[in-house]
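Trainee: I have this one open and don't know where to start. Can you walk me through it?

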Amino acid sequence: MKELNSVVCIKPVPDQRFWDKISLDPKTQTLRRAGIPVALGPLDLNALEEALRIKEARGGKVTVISMGPPGTEEILEWAIVLGADEAVLLSDRAFAGADTLATAYVLASGIKKLGDVDLVFLGNESLDGSTGQVGPQVAEFLGMSHLTHITKIDLAGDTKLKARFHIEFGSIDVEVKTPVVIAVDKEVNEPRLANIWGAVWAQERKINCWSINDVEVDKDKIGLPGSPTQVAGVTTIELKRKGEMLTGEPADIARQLVKKLQTDKVLPEALVCRRDVV
Amino acid sequence: MSFKVTHEQELARKIALEFAEREIIPHRDKLRVEDEEFEEQLAVKEAKAGFHLAMIPRDEGGTGLGQGGRVIILEELGAAFPRMVSSLHREFAYAFAKATGGVVKEKWMPRILKGEASAAPFINEPQGGSDVMNFATTARKDGDDWIINGRKCFISDGHKVDFGMILVKTGDPKDPATRGARSLTAFVVEKDMPGFKVERVEKSMVGHITATVSFSDVRVPGNYIVPPGVGRGLTPVFMAVWDVGRLGISAMLLGCILGSCRCSIKFAKERVLFGKPIHDLQAIRHRIADMYIDLAAARSLTYRAAWLRDQGLSSSQEQSIAKYYCTQAAIRTSLHAINIHGGSGVMDEYMPQMYYRYAPCLISAGGTDEVMKDTIGVAAINGANPVMGANPAETSGFHIM
């Protein structure tokens, strides 16, 4: 059986245990994240787990890759603790401010440099941005097929695998040829706990740091200048419970409710209330 | 001064903490009611995580994280729930097999590495554990073998360990040829040896099980004697009890202190009194400060004792100091935790009462407070380099004269 080399794209996200300490800077419209520890996103753990399982079943190598500022090594190291064979950090001031497209472009450049890659895994979406765009974008840049919302993967021969992806009212089973980019949902597996050997592996296995000079990129497609998405503003949503009792006959209560929802712009104002229904 | 926690050991803490957050903390209710099936499953998971491999060197198949890595792991697991962490008995198994060497090591090491073998010291007798000259358990030579007869009590998990290191009389302490400690020999005994019997099991107030075991004409091969050999049993027993037992117990007490601090700080942030969280009250902040000071001091003592061992130096006095201090600090901090929690602190579903009940259960493990203080006092008065005992002065930060 052919060995399968996997790459897992991971992203540092604020550690969920410290979310209460994150706030919004009203001036810069950015999150105040200073001092907040970073962690591997939950779906990144699922992606890594799937790659590790395939390695255990078929052999090959698992490489984790991330784009981020210095400090991102911490999550790459944790991926090694969990069993990844090597790690790559794409870090350069020129990469900063990237949207999903520019991020995917740089990640794809790093994956191309790695060479012999059969499978690229990602979490379907990140914990903080939640766009779900990076997986398909990486696939496009690499010229690979891609699958998203994957909940089950089975190996089927040397260069094929069967996968199940989640849709709104069920799931679809597909067969796909490698190389392929796979974005996983949490149902795909139960991520493993680290073994104490991980502390040893972290000392022995390498984190390679690649700058703009180490990958082939078009400088117009990276960082803030290469990002077509511009954040226009960020607002904090205050969630408050507001209890209000409506009184009257049931039909009257329904009419009051519709009117309130229209006032609060939950329902369109042009909604026509059918007398026989309400 | 070069003593420091390595990055590898900090990663070991993170690994143990993650394990605790998934496998222990959400299941505290099962540990609280002493669900034996769950405890067995947890012990298997701890073995799979490889926590017992920390003190085993790399060239013997372990992770080589050393005593430093080991105490940090035990601290985190103990903080999640105070209990006799299963890896301690696996570490005893390694220490005994290594000390004995030869066929014993060959036989047990494969299972020890897989986390499938556990052991305990068979030392205590009904009249006490420290009064070794009056032990009644004996071994007499019979050809190449030895025949052991007697009884040992308060053996931690003695009903289920695979083997143990037993300290017995092989001579008369009053006979000039076998005077004093020369009358004592250490053997490895296995639970499957004919004549070995678990007489009864007893539970402590937190559910920790100890057993009384008896030896009736138990035949032990001569190569099961722990070196240096006949009449030299105290040295290997002390080494194992200090390095595995005393350091391990200190680490588990450290867990009580850490756990008390964590739950108290969390509670002080959440509990609102007079319109403010109670950490706004100076009285509460000062209690937390006292707890934190105890944590810092207990960590410094325990980690340093472990670090000295990792440098290949003796730390018997440091271990006694750490064990004594951790015991007292665990009782103090858990009582602070109860005070901070108010009525909730003594309720079954809150942790402070668990830490408070558990800490005293470790007073006698590895030697009571009095034994610790006596050991420290004797060394302080008689030692050339008082607090360090036999250590070269330059390795120690403790000079009192």
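Mentor: Start with helix 4 of chain A, whose buried residues are Val134(A), Gly135(A), Pro136(A), Gln137(A), Val138(A), Ala139(A) and Leu142(A). Keep in mind that this is a predicted model.

Trainee: How many of the residues of that helix are buried?

Mentor: Seven of the nine, so the helix, which runs over residues 134-142, is mostly covered, buried being under 20% relative accessible area.

Trainee: And what covers the buried residues of helix 4 of chain A?

Mentor: The cover includes helix 3 (100-114), strand 8 (119-123), strand 9 and strand 12 (180-184), which belong to chain A.

Trainee: What comes just after helix 4 of chain A?

Mentor: Gly143(A), which takes a positive phi of about 70°.

Trainee: You mentioned strand 9. I clicked on Asp154(A); where is that found?

Mentor: In strand 9 of chain A, which covers residues 145-155.

Trainee: Why does Asp154(A) count as partly exposed?

Mentor: Because its relative accessible area is 37%, and partly exposed covers values between 20% and 50%.

Trainee: What does Asp154(A) touch?

Mentor: Leaving out residues up to four places away in sequence, Asp154(A) touches Leu161(A) and Lys162(A). Its side chain also has a polar contact of 2.7 Å with the side chain of Lys152(A).

Trainee: How far apart in space are Asp154(A) and Asp25(A)?

Mentor: Their C-alpha atoms are 45 Å apart, and the two are separated by 129 residues in sequence.

Trainee: Zooming out, which domains is chain A divided into?

Mentor: Domain 1 spans 6-221 and domain 2 spans 242-278. Their C-alpha centres lie 46 Å apart.

Trainee: Now the other chain. How many residues of chain A and chain B are in contact?

Mentor: 19 residues of chain A contact 23 residues of chain B. The two chains bury about 1800 Å² between them, and carbon and sulfur atoms account for 59% of that.

Trainee: Which residues in chain A lose the most area to chain B?

Mentor: Trp78(A), Leu193(A) and Ile196(A), which together make up 39% of what the chain A side buries.

Trainee: How many salt bridges are there between chain A and chain B?

Mentor: Two. There is a salt bridge between the side chains of Arg22(B) and Glu190(A), at 3.3 Å from N to O. Between the chains, seven residue pairs are in polar contact, counting pairs with both residues at pLDDT 80 or more.

Trainee: Which elements of chain A give two or more residues to that side?

Mentor: Helix 2 (73-82) and helix 5 (197-204) of chain A. Helix 5 of chain A gives the most, with seven residues. By class, the chain A side has ten nonpolar, three polar and six charged residues.

Trainee: On the chain B side I picked Thr63(B). Where is its place?

Mentor: Thr63(B) is in the loop between helix 3 (36-49) and helix 4 (66-80) of chain B.

Trainee: Is Thr63(B) buried or exposed?

Mentor: Buried, because its relative accessibility is 2%, and the limit for buried is under 20%.

Trainee: What is Thr63(B) in contact with?

Mentor: Setting aside neighbours within four places in sequence, Thr63(B) contacts Ile196(A), Trp197(A) and Val200(A) from chain A, and Leu53(B), Ala54(B), Ile56(B) and Arg58(B) from chain B. Ile196(A) came up earlier, as one of the chain A residues that lose the most area to chain B.

Trainee: Last topic: which domains is chain B divided into?

Mentor: Domain 1 (7-114), domain 2 (119-232) and domain 3 (236-395). The C-alpha centres of domain 1 and domain 3 of chain B lie 20 Å apart. Their contact takes 29 residues from domain 1 and 30 residues from domain 3.

Trainee: What area is buried between domain 1 and domain 3 of chain B?

Mentor: About 2200 Å², with 69% of it from carbon and sulfur atoms. Arg32(B), Glu75(B) and Pro82(B) supply 29% of the area that domain 1 of chain B buries there, more than any other three residues.

Trainee: What forms a salt bridge with Glu75(B)?

Mentor: Arg299(B) does, with the closest N and O atoms 2.9 Å apart. Across the interface of domain 1 and domain 3 of chain B there are two salt bridges.

Key. Residues numbered from 1 in each chain as written. Chains lettered and ligands numbered in written order. Heavy atoms only, no water. Helix = DSSP H or I, 4+ residues; strand = E, 2+ residues; numbered from the N terminus. Buried < 20%, exposed > 50% of the residue type's maximum accessible area, 1.4 Å probe, protein only. Contact = heavy atoms within 4.5 Å. Buried area = accessible area lost by both parts, 1.4 Å probe. Salt bridge = Lys/Arg side-chain N within 4 Å of Asp/Glu carboxyl O. Polar contact = N/O pair within 3.5 Å; in protein donor to acceptor, adjacent residues only side chain to side chain. Nonpolar A, V, L, I, M, F, W, Y, C, P; charged D, E, K, R; others polar. Domains from an automatic or database assignment.
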